[in-house]
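Reader: Please take a close look at one residue of this model, and then work outwards to the parts of the chain around it. I would like to see how the pieces fit together.

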Amino acid sequence: MLLKVPTRDGVNTTLFWEPADNAKATVFLFPGGGGGFGKVENGKATSNNFLVRSAPYFTANGFNVAIFGRPSDSEDLDYADRISDTHMTDVRKVLDFVKTKSTAPVWIVGTSRGTISATATAIHAQGDIAGLVLTSSVVNFKKPGAVPKQDLQAIKVPVLVFHHSKDACIHCRPDEVPAAFKGFRNAPVKKLIFVDGGANPTGDPCAGQHFHGYIGMEKEAVGTIAGWIAHPTN
């Protein structure tokens with residue numbers, strides 16, 4: 001369902017919420033691109049972003065799904081926006097609201113540009129989250145807020161870094177991911193998983209219909225992520 005959460009004076013931030021029966025955890029999802037989850041039709045979010053279109057697989061694995069949308073005073077969450085104090089204020093208010101909907105532990109999950117928001121959230125709100133999952137991480141140092149440019153050693157919750165070995169996005173090069181992963185030196189449990197699957201990539205290599213978005217292997221990808229969340233191991 002589509003919800004609007006008051007986050008600042010005169011500003012509401014959209015949230016897509018889909019509960020699961022007897023949820024094991026809540027996944028708090030940050031989509032990539034400019035953010036948002038598209039229109040909500042027949043109770044489903046319609047964006048082609050990997051995390052948004054894979055929401056049913058998360059609920060099928062026993063997780064509540066909370067998808068962070070966009071604040072009413074913004075039509076695009078750019079790179080720098082995602083590490084701003086304003087963004088963190090919005091995220092905190094939405095996270096607090098989500099925690100009133102369920103007592104299940106909250107895992108922060110981001111993909112592509114959403115990994116910037118997810119990493120910043122894990123730094124600023126880790127006392128209220130169970131762990132962090134980054135998929136198709138932005139590791140290009142030229143981008144504001146890129147994962148390795150943030151204070152990763154401050155993160156002290158379990159971390160999963162999940163990446164496609166054929167990711168062709170210039171901002172998310174697979175060969176730059178291991179160095180970024182080393183930055184999580186204080187995470188009590190951390191795992192780097194490269195996958196090689198899917199089929200028929202099309203369009204922008206930095207968009208959801210390419211290997212960057214785990215096209216053709218969504219169910220498998222979410223299954224691996226869900227299994228690790230349930231039992232985090234190095």
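Author:

**One loop residue and what surrounds it**

Gln126 has a relative accessibility of 18%, so this residue counts as buried; the cut-off for buried is under 20%. The model is a predicted one, and everything below describes that prediction. Gln126 sits in the loop that runs between H4 and E8.

What does Gln126 touch, leaving aside residues up to four places away in sequence? The list is Thr121, Ala154, Ile155, Lys156 and Val157. With Ala154 there is also a polar approach: a polar atom of the Gln126 side chain lies 2.5 Å from the backbone oxygen of Ala154. Val177, by contrast, is 51 residues along the chain from Gln126, and the C-alpha atoms of the two are separated by 22 Å.

Next comes the helix on one side of this loop. Helix H4 covers residues 114-124 and lies across E3, E7 and strand E8 (131-135). Its direction is at about 150 degrees to that of E7. H4 is mostly covered, with 10 of its 11 residues buried. Thr121, one of the residues in contact with Gln126, is among those buried in H4, as are Gly114, Ile116 and Ile123. The elements that cover the buried residues of H4 include E3, H3, E7 and E8.

The strands under H4 belong to a sheet. Eight strands make up this open sheet, in the order E1-E2-E6-E3-E7-E8-E9-E10, and their pairing is mixed. At its edges stand strand E1 (2-8) and strand E10 (190-195); each has a single partner strand, so one side of each is left without a neighbour in the sheet. On average, neighbouring strands are turned by 20 degrees against each other, direction ignored.

Strands of a sheet pair through backbone hydrogen bonds, either parallel or antiparallel. This sheet has both kinds. Strand E3 (residues 25-30) and strand E7 (residues 106-111) run parallel and are joined by five bridges. Within that pair, Val27 stands opposite Trp107 in E7. E1 and E2, on the other hand, pair in the antiparallel sense over six bridges, and Leu2 has Phe16 in E2 as its bridge partner. These two strands form a hairpin with two residues between them, and Gly10 in the turn has a positive phi of about 75 degrees.

A further helix packs on this region. Helix H3 (residues 85-101) lies across E1, E2, E3, strand E6 (63-71) and E7, and runs at about 130 degrees to E1.

Now to the nonpolar interior. The largest nonpolar core has 36 residues, and the members that touch the most others are Phe28, Ile108, Leu132, Ile155 and Phe184. H3 gives the most to this core, with five residues. Another core, of 30 residues, lies apart from it and includes Ala45, Phe50, Val52 and Val195. Ile155 links this topic to the starting point, as Ile155 is one of the residues that Gln126 touches. Phe184 also touches Ile155, and its other contacts include Leu132, Leu134, Val147 and Leu152, with residues up to four places away in sequence not counted.

Further away in the chain, Glu18 is another polar residue worth a look. Glu18 is in strand E2 (residues 11-18). At 16% relative accessibility, Glu18 counts as buried. Its side chain makes a polar contact of 2.9 Å with the side chain of Lys44. Glu18 also touches Thr59, Phe63, Asn64 and Val65.

The last part concerns the cysteines. A disulfide is a covalent bond between the sulfur atoms of two cysteines. How many disulfides does a search of the whole structure find? There is one, formed by Cys169 and Cys206, with their sulfur atoms 2.1 Å apart. The torsion about its S-S bond is about 90 degrees, so the disulfide is right-handed. The pair links distant parts of the chain, 37 residues apart: Cys169 is in the loop between strand E9 (159-164) and helix H5 (177-181), while Cys206 is in the loop between E10 and helix H6 (218-230). Cys169 counts as buried at 2% relative accessibility, whereas Cys206, at 26%, counts as partly exposed. Cys172 is in no disulfide, and the nearest cysteine sulfur, that of Cys169, is 4.0 Å away. Cys172 counts as buried, with a relative accessibility of 0%.

Note on methods
Residues numbered from 1 in each chain as written. Predicted model: local features only at pLDDT ≥ 70, side-chain atom pairs only at ≥ 80, totals over all residues. Heavy atoms only, no water. Helix = DSSP H or I, 4+ residues; strand = E, 2+ residues; numbered from the N terminus. Buried < 20%, exposed > 50% of the residue type's maximum accessible area, 1.4 Å probe, protein only. Polar contact = N/O pair within 3.5 Å; in protein donor to acceptor, adjacent residues only side chain to side chain. Contact = heavy atoms within 4.5 Å. Pairing = 2+ DSSP bridges. Axes fitted to C-alpha atoms, helices over the stretch in contact; angles between N-to-C directions. Core = buried A, V, L, I, M, F, W, Y, C linked by side-chain atoms within 4.5 Å. Disulfide = S-S within 2.5 Å.
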